[in-house]
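Thanks for coming, everyone. I'll take us through one structure this morning, part by part. Please have a look at it first.

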Number of protein chains: 2
Amino acid sequence: MSKNLTKRADDYSKWYNELVVKADLAENSAVRGCMVIKPYGYAIWEKMQAQLDKMFKETGHSNAYFPLFVPKSMFEAEEKNAEGFAKECAVVTHYRLKNDEERPGKLMVDPNAKLEEELIVRPTSEAIIWSTYKNWIQSYRDLPLLINQWANVVRWEMRTRLFLRTAEFLWQEGHTAHATKQEALNETVQMMNVYADFVENFMAIPVVKGVKTANERFAGAEETFCIEALMQDGKALQAGTSHFLGQNFANAFDVKFTSAEGKQEYVWGTSWGVSTRLMGALIMTHSDDNGLVLPPNLAPIQVVIVPIFKSEEELEKITEVADELSKSLRKLGLSIKFDNRTTQKPGFKFAEWELKGVPVRVAIGPKDLENGTFEIARRDTLSKQVVNKDQTVAFIENLLEEIQKEMFNKALDFRNTHITEVNTFDEFKDILDNKGGFVSAHWDGTPETEEKIKELTKATIRCIPLDRKEENGNCIFSGNASNGRVLFAKAY
Amino acid sequence: MSKNLTKRADDYSKWYNELVVKADLAENSAVRGCMVIKPYGYAIWEKMQAQLDKMFKETGHSNAYFPLFVPKSMFEAEEKNAEGFAKECAVVTHYRLKNDEERPGKLMVDPNAKLEEELIVRPTSEAIIWSTYKNWIQSYRDLPLLINQWANVVRWEMRTRLFLRTAEFLWQEGHTAHATKQEALNETVQMMNVYADFVENFMAIPVVKGVKTANERFAGAEETFCIEALMQDGKALQAGTSHFLGQNFANAFDVKFTSAEGKQEYVWGTSWGVSTRLMGALIMTHSDDNGLVLPPNLAPIQVVIVPIFKSEEELEKITEVADELSKSLRKLGLSIKFDNRTTQKPGFKFAEWELKGVPVRVAIGPKDLENGTFEIARRDTLSKQVVNKDQTVAFIENLLEEIQKEMFNKALDFRNTHITEVNTFDEFKDILDNKGGFVSAHWDGTPETEEKIKELTKATIRCIPLDRKEENGNCIFSGNASNGRVLFAKAY
């Protein structure tokens, strides 16, 4: 199977597209730019959802659900937000089809069923949610309001790629309302940290925490915090964002509260989201030329057991041992698959589970039965080891933890060796062209310089890292003064 | 609080609408016909989802996700299905807004961004899913395909009511493909049984299992199985449907497979769904003039603890005891709330948690501290009891089970006393007008008679019960021969 996968070194982009389809994660649908998330891909997304949802609830948030549609007049209320999304909106204009009399058996839009006001399919839900919050918030006692929504959103992108950029995608969007600026800022930072925790400890992807420049900020936000990851091809990927909205949406939708002192004040807001785009980050951080490599914490199947047999009788004996092992591993909460298909050879199965990224494979053959052993292979390093039956459960439990850690460390090493400090624009271009990764450079702080660098190199400022040191220097482009470095990169 | 709730006997419909809003379950949004599901309502829906999802997975199904939009040409491929949904479709015709030059700061649909082909917002996903299945199914080895999707759908209903009938609603839709007719039929029946199991054992609502008449069948199905519940006002509510699709969608989308014998055959299909409409059934089956009554298996808060105190010092002592109790109850997996607000009096809190349907309330006052007791009240019967501290955990655990059972039994008694056999059309009308409930009557089997009865009485055939006895009789309307009774009712 793996033979058919394009190699990363040959064409990284093609490798990615093929892998997503061949590993049964997703495929393009008949609807332009919309994807079908297949059961195996969806199972990974479900594991992500479950963990994130838990983390949101532990930090005091509740889920709710708001309408798919936003009336145009509501959509345009917060002008910057509207401007930011207007160019990529799906618009519902009619509410009925009728028989097309010129084409029997076919339908046409009924011109008599035109909506009085067009409805926008939500590209994000600030507008509809803040128009609702207006009725929910009267007093400081109603604050903070800490709500999350799991939903689909639509952004009419012209160039789409599975998971990374699709017209419809799945995501969660948190929308919170607070009495004070400081509280809203704390929430924004808290959620960035929740995302970083999740992406690092469950997805095994190291991230840089930072804030976006004005150019890259969410339309309608005062400040956008982000976590940025680095893919194997040296391009950056924005893995999650958390926005401090100031009082922008409260102003636009007239959301005020009576403070403890009896004064009327505008509410402070935040919003934050991660999407099925994280699936793209997961694939591109860890996978190799043989297929997916999944971190144990998110793998739908953590251990696959493959029997090696020549007769029914052998299979029966192996099944007995495999069932016992499965049972013990399931007791630890692990998800196990025993691949006892008789239609496929072991080599085919090995390649298939490698393609699908199952972290640990146990092979059991007649010799193992004799010797009381199992052959245990790990997907990330492709190394194998023979382990005594008695020690297997503890060995696997330990191995899964080790894999999780080592996948993170491997990605961290790669990321760390791909943050390059440069001090001239020539060095800057050289690194971008020949090495890739994050380029740490001085920038004069103006949108104009940022824009020009983007035009010339396609690199954008991924973030101003939160942990950057103060350091006086000169902008690599304009030569003007700067007091700290920012991270540039080409990005997904 | 409860004082403000309209009484069921005065105006059942008003009582329902008020209760949904006052108990913080849902509210109407600014978008015509679309609702906002509020955190408390959504928490109940999440519990339903979790349980159903578990049951779907236990019966071998996987989740996946298909596009929100269906191109018009694909939508119209299965003619009956298209005809059934054409009149209530939201249609996307454009993909961009632009600045409206006549109204500065406002937006308009960009006439240059008209889609070549209109997109229908899915009212149900058979079309998009079967067009996908065509590529997934080649051989009998690819079957059965057992997939479920959790999604939002849109049906442009003209008269909407929170949860019961909304333009957008949340649901799950299972779509399965099989090699044989019998296997597809078995799946259809299995899923009806899964729904019945869930609705009876988690929602505590008894259901009648049956099949729909041709008039009431899902557009595009060969047979629709259903579970029908009875509300307190004597109206029926269809709680779930499971459709045997025959080869209709396989024909429409040319989905064939090579059988084990090497022949090309069309695939057999099923689809099945339940929606946020179940929330309406839950509310209308159990709740009373004081508010919601929730079955313990679905209550987001199962036990609320209310301290009764006059001083900080008393509250502190009660808190200590309450924390201990909470801890012991949480160990049993129960969800507990300690309502220690100092801004509200106990009476206010009692009314609030009654309104919200929390199954068990524990009150702790200074006297209880002295005597080592708790006052335990159950929401369904509004009865109270003083229990010794040592016995409380076991008492509550047992009480929750008892409440779950008794709520079901109460609803079952009501339902059973509201199935009335009649043999004449006069009796039929009399029961509908004066007693309500299901009316069990002979029917001649023709759509014409069914239609006329509906015109005259607003009653429809809810189902032909699966367990009906053979019994010769005469149609109450036409007098023609019939070999068994069907269940009529006015319905939501």
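Let me start where two domains of one chain meet. Between domain 1 and domain 2 of chain A there are two residue pairs in polar contact, both at pLDDT 80 or more. On the domain 1 side, helix H1 (12-22) and helix H2 (39-58) of chain A each give two or more residues to the side that touches domain 2. By class, that side of domain 1 has three nonpolar residues, three charged residues and no polar ones.

I should say at once that this is a predicted model. Keep that in mind throughout.

Now the layout. Chain A is divided into three domains. Domain 1 takes 12-66 and 126-286, domain 2 takes 301-399, and domain 3 takes 418-489. How far apart are the C-alpha centres of domain 1 and domain 2 of chain A? They lie 38 Å apart. Six residues of domain 1 are in contact with four residues of domain 2. The area buried between these two domains is about 450 Å². Carbon and sulfur atoms give 56% of that area.

One salt bridge is counted between domain 1 and domain 2 of chain A. Lys356(A) forms a salt bridge with Asp24(A), with the closest N and O atoms 3.2 Å apart. Both residues belong to a network of salt bridges, in which Asp24(A), Glu27(A), Lys38(A) and Lys356(A) are linked.

Next, the two chains. How many residues of chain A are in contact with chain B? The count is 65, and they touch 65 residues of chain B. Chain A and chain B bury about 5,200 Å² between them. Of that, 67% is on carbon and sulfur atoms. Two salt bridges cross the interface. Lys57(B) and Glu46(A) meet in a salt bridge through their side chains, at 3.0 Å from N to O. There are also 30 residue pairs in polar contact between the chains, both residues at pLDDT 80 or more. And the classes? The side of chain A that touches chain B has 39 nonpolar, nine polar and 17 charged residues.

Over to chain B and its helix H1, residues 12-22. Which of its residues are buried? They are Tyr12(B), Trp15(B), Tyr16(B), Glu18(B), Leu19(B) and Val20(B). What covers them includes strand E1 (26-28), helix H8 (277-286) and helix H10 (346-355) of chain B. After H1(B) comes Asp24(B), whose phi is positive, near 65 degrees.

Now salt bridges more broadly. The structure holds 54 of them over all chains. Let me pick three.

First pick: Glu228(A) forms a salt bridge with Arg462(A), the closest N and O atoms being 3.1 Å apart. This pair links distant parts of the chain. Glu228(A) is in strand E12 (residues 223-230), Arg462(A) is in strand E24 (residues 460-465), and 234 residues separate them. Are these two buried or exposed? Both Glu228(A) and Arg462(A) are buried.

Second pick: Arg96(B) forms a salt bridge with Asp110(B), at 3.0 Å between the closest N and O atoms. Arg96(B) lies in the loop between strands E5 (91-94) and E6 (97-99) of chain B, and Asp110(B) in the loop between strands E7 (107-109) and E8 (114-121), so the pair ties together parts 14 residues apart in sequence. Arg96(B) counts as partly exposed, at 24% relative accessibility. Asp110(B) counts as buried, at 7%.

Third pick: Glu313(B) and Lys317(B), whose side chains meet in a salt bridge at 3.8 Å, N to O. How does the helix bring in this pair? Glu313(B) and Lys317(B) are four residues apart in helix H9 (residues 312-331) of chain B, so about one helical turn separates them. An α-helix has 3.6 residues a turn, so residues three or four places apart point the same way. Glu313(B) is exposed, with a relative accessible area of 53%. Lys317(B) counts as partly exposed, at 47% relative accessibility.

Last stop: Ile461(B), found in strand E24 (residues 460-465) of chain B. Ile461(B) counts as buried, because its relative accessibility is 0%. Leaving aside neighbours within four places in sequence, Ile461(B) is in contact with Thr213(B), Glu216(B), Trp443(B), Glu450(B), Val486(B), Leu487(B) and Phe488(B).

That's my tour. Over to you.

Definitions and conventions:
Residues are numbered from 1 along each chain as its sequence is written. Chains are lettered from A and ligands numbered from 1 in the order in which they are written. This is a predicted model: local features need pLDDT of at least 70, side-chain atom pairs count only at pLDDT 80 or more; totals for chains, interfaces and linings use all residues. Side-chain values use heavy atoms; hydrogens and water are left out. Domain bounds come from an automatic or database domain assignment. Contact means heavy atoms within 4.5 Å. Buried area is the accessible area (1.4 Å probe) that two parts lose on being put together, summed over both. A salt bridge is a side-chain nitrogen of Lys or Arg within 4 Å of a carboxyl oxygen of Asp or Glu. A polar contact is a pair of N or O atoms within 3.5 Å; within protein, one must be able to donate a hydrogen and the other to accept it, and residues adjacent in sequence count only if both atoms are side-chain atoms. Ala, Val, Leu, Ile, Met, Phe, Trp, Tyr, Cys and Pro count as nonpolar, Asp, Glu, Lys and Arg as charged, and the others, Gly among them, as polar. Buried means under 20% relative accessible area, exposed over 50%, partly exposed in between (1.4 Å probe, protein chains only).
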